[in-house]
Amino acid sequence: MSQERLPMVKIREVLRLQAEGHKQRKIAASLICSRSTVQECLQRARSAGVSWPLPEDLDELALQAKLYPSKAKAVLMPEPDFDRVLRELARPHVTRRQLWREYRAQHPNGLKYTAFCVHFRRWRKSLGAEATLTLEHVPGDKLLVDYSGDPAHFVDRDTGEVIAAQLFVAVWAFSSKMYAEATMSMNSKDWLEAHVNALEAFGCAPAAVVPDNTKTAVIKACRYDPLKNREYCDFAERYSLAILPARAKKPRDKAGVEGGVLIAQRRILGALRDQVFFSLADLNVAIKSIVADINAEAFQKREGSRNSLFEQYERPAAQALPKRRYQYAEWHDGVRVYPDYHVQVLKGYYSVPYTLIGKSIAAHIRVERPWQRRTIAAHRPPEHQAYLALGIDKLMEQAARIGPNTVAVLTKQMLSKRHLDETIRGSRGILRLAQDFSYAALEAACGAAMQLEVYNYHAVRDLLRQGMHTVPARHLSPSATAGLQHENVRGAAFYASKKTH
């Protein structure tokens, strides 16, 4: 008999091809072996009573033992820990061959690589679809987000009205860890705030978020390059992640979140169906408690729980959150620019560059009260900027270079004015006196002004003209005002009464 021995996989092929009616010469050519080797294999199979199709319980080792009894191993090879293999394959940069090498290091006489892979595929198939789903995703890679079609409810305590709240669900693709939150609506602001709350609850960010093709995420769906909502892009930029909208008519793109939504509907909405809440906050407290239970429960067909998989694999691979959280911003197009280079958006006025009338290119923090103005200095015309160039901060810096008395006088006169322009004009006038006299003279005069409690330009100027700056401030007394004969030096009573008006 031939001494050439076929590998176990080729033995199965010989038996299959022979059963399908192929000649031995063709079988040998297909398997790249000699015809005599095929003959020997078929003869051994007939002697052992083995034919195609093989019994389901006849594995590779048993087949080898039947056909080559003199060479069969007395002890069966140790089976790999395929539970561990499945978990390790989900980690970055881990391959089957690497895990097989580790297996052979522990069991030098164990399965060869091909048999290792065949056994693993059979074991994985025996688990059903869930194990296959796990292997499709990488830890820390994707967060699947969507709204449940069915709402939760709470009652307005004052009116008794039952208010529907939309249920937002976020699920990590690998670990299936879940976050859920009820929002007042599905508009862009609530949608993005729910995203931010989810990331802060997880304590990390994924490489990508996978939403449905809702209008709050996608302006225009496209298989290759969907046009995404501008606010959504701002959110993605803040957290350094990608937006990967699920493809239309591709349910497997968001199978994880659909499963999460189903669990949320059954576990959250079902559990809360007979409970009454009087605020959105109370409703979300109850939702948070139920989600915590879901994440802590052990899987039925896998080891561990959503929490354990997340902490062991997902969190180490995810991104850290930025130091500053995302703040929602709205974009408005087509607004009219008024002659004062401001536009009206809702009930607020915002500046835009005066040279770009009709173009909406400015971004502002939202006004805090109706009809408030938000003005960016660079949007002003040059002549307006020149007038306001010496703002309060710069004027105070200039006063500080002269001395503390000058700073004190500017501060006092600032508090007595009603308008910014009045403050700037008065401050510039006082500081201008340093050029007519000197820094030291102005500082001394301001010290006298503080003693006399007079803080306007004319009073300081008259103090300088009448030589009061030559008298040390500590030697001044209220009687010193008798020598100041000027209508603008009126004493503390006048200014105190002025502040009360």
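Is Arg325 buried, partly exposed or exposed? Arg325 is partly exposed, with a relative accessible area of 39%, in what is a predicted model. The briefing below begins with the salt bridges, one of which involves Arg325, and then turns to a charged surface patch, the surroundings of helix H19, a polar contact in helix H17, and some backbone features.

**Salt bridges**

- A search of the whole structure finds 11 salt bridges, and among them is the one in which the side chains of Arg325 and Glu200 meet, with 2.8 Å from N to O.
- Arg325 lies in the loop between helix H13 (306-317) and strand S9 (342-345), whereas Glu200 lies in helix H9 (residues 188-202), so the pair ties together parts that are 125 residues apart in sequence.
- Glu200, like its partner, counts as partly exposed, because its relative accessible area is 38% and the partly exposed class runs between 20% and 50%.
- Glu13 forms a salt bridge with Arg16, in which the closest N and O atoms are 2.8 Å apart, and both of these residues lie in helix H1 (residues 8-19), three residues apart, or about one turn of the helix.
- An α-helix has 3.6 residues a turn, so residues three or four places apart point the same way.
- Both members of the H1 pair are partly exposed, Glu13 at 27% relative accessibility and Arg16 at 23%.
- Salt bridges that share partners join Glu13, Arg16 and Glu20 into one network.

**Negative surface patch**

- Glu56, Asp57, Asp59 and Glu79 together form a negative patch on the surface.
- Glu56, one of the patch residues, is found in the loop between helix H3 (35-48) and helix H4 (60-67).
- With a relative accessible area of 84%, Glu56 is exposed, because the exposed class covers values over 50%.

**Helix H19 and its ends**

- In helix H19, which spans residues 457-465, the buried residues are Ala459, Val460, Arg461, Asp462, Leu463 and Leu464.
- Two of these buried residues, Arg461 and Asp462, form a salt bridge with each other, the closest N and O atoms being 3.5 Å apart.
- The N-terminal end of H19 is capped by Asn456, which has a side-chain oxygen 3.2 Å from the backbone nitrogen of His458.
- Just after H19 comes Gly467, which takes a positive phi of about 75 degrees.
- Glu453, placed in the loop between helix H18 (439-452) and H19, has a positive phi of about 60 degrees although it is not a glycine, and at 38% relative accessibility this residue counts as partly exposed.

**A polar contact in helix H17**

- Ser427 has its place in helix H17 (residues 420-436), and its side chain makes a polar contact with the side chain of Gln413 at 2.6 Å.
- Ser427 counts as buried, because its relative accessibility is 2% and the buried class covers values under 20%.

**Other backbone features**

- Trp52 and Pro53 are joined by a cis peptide bond, for which omega is about 0 degrees.
- Pro53 lies in the loop between H3 and H4, the loop in which Glu56 is also found.
- Ser176, although not a glycine, has a positive phi of about 70 degrees, and this residue lies in the loop between strand S3 (162-172) and strand S4 (178-183).
- At 21% relative accessibility, Ser176 counts as partly exposed.

Definitions and conventions. Residues are numbered from 1 along each chain as its sequence is written. This is a predicted model: local features need pLDDT of at least 70, side-chain atom pairs count only at pLDDT 80 or more; totals for chains, interfaces and linings use all residues. Side-chain values use heavy atoms; hydrogens and water are left out. Patches are made of residues with over 30% relative accessible area and no salt bridge: like charges are joined within 9 Å, nonpolar side chains (Val, Leu, Ile, Met, Phe, Trp, Tyr) within 5 Å. Accessible areas come from the Shrake-Rupley method with a 1.4 Å probe; for residues, only the protein chains shown count as cover. A salt bridge is a side-chain nitrogen of Lys or Arg within 4 Å of a carboxyl oxygen of Asp or Glu. Lys and Arg count as positive and Asp and Glu as negative; His and the chain ends are not counted. The place of a charge is taken as NZ of Lys, CZ of Arg, CG of Asp or CD of Glu. Helices (H or I, at least four residues) and strands (E, at least two) are DSSP runs, numbered from the N terminus. Buried means under 20% relative accessible area, exposed over 50%, partly exposed in between (1.4 Å probe, protein chains only). A polar contact is a pair of N or O atoms within 3.5 Å; within protein, one must be able to donate a hydrogen and the other to accept it, and residues adjacent in sequence count only if both atoms are side-chain atoms.
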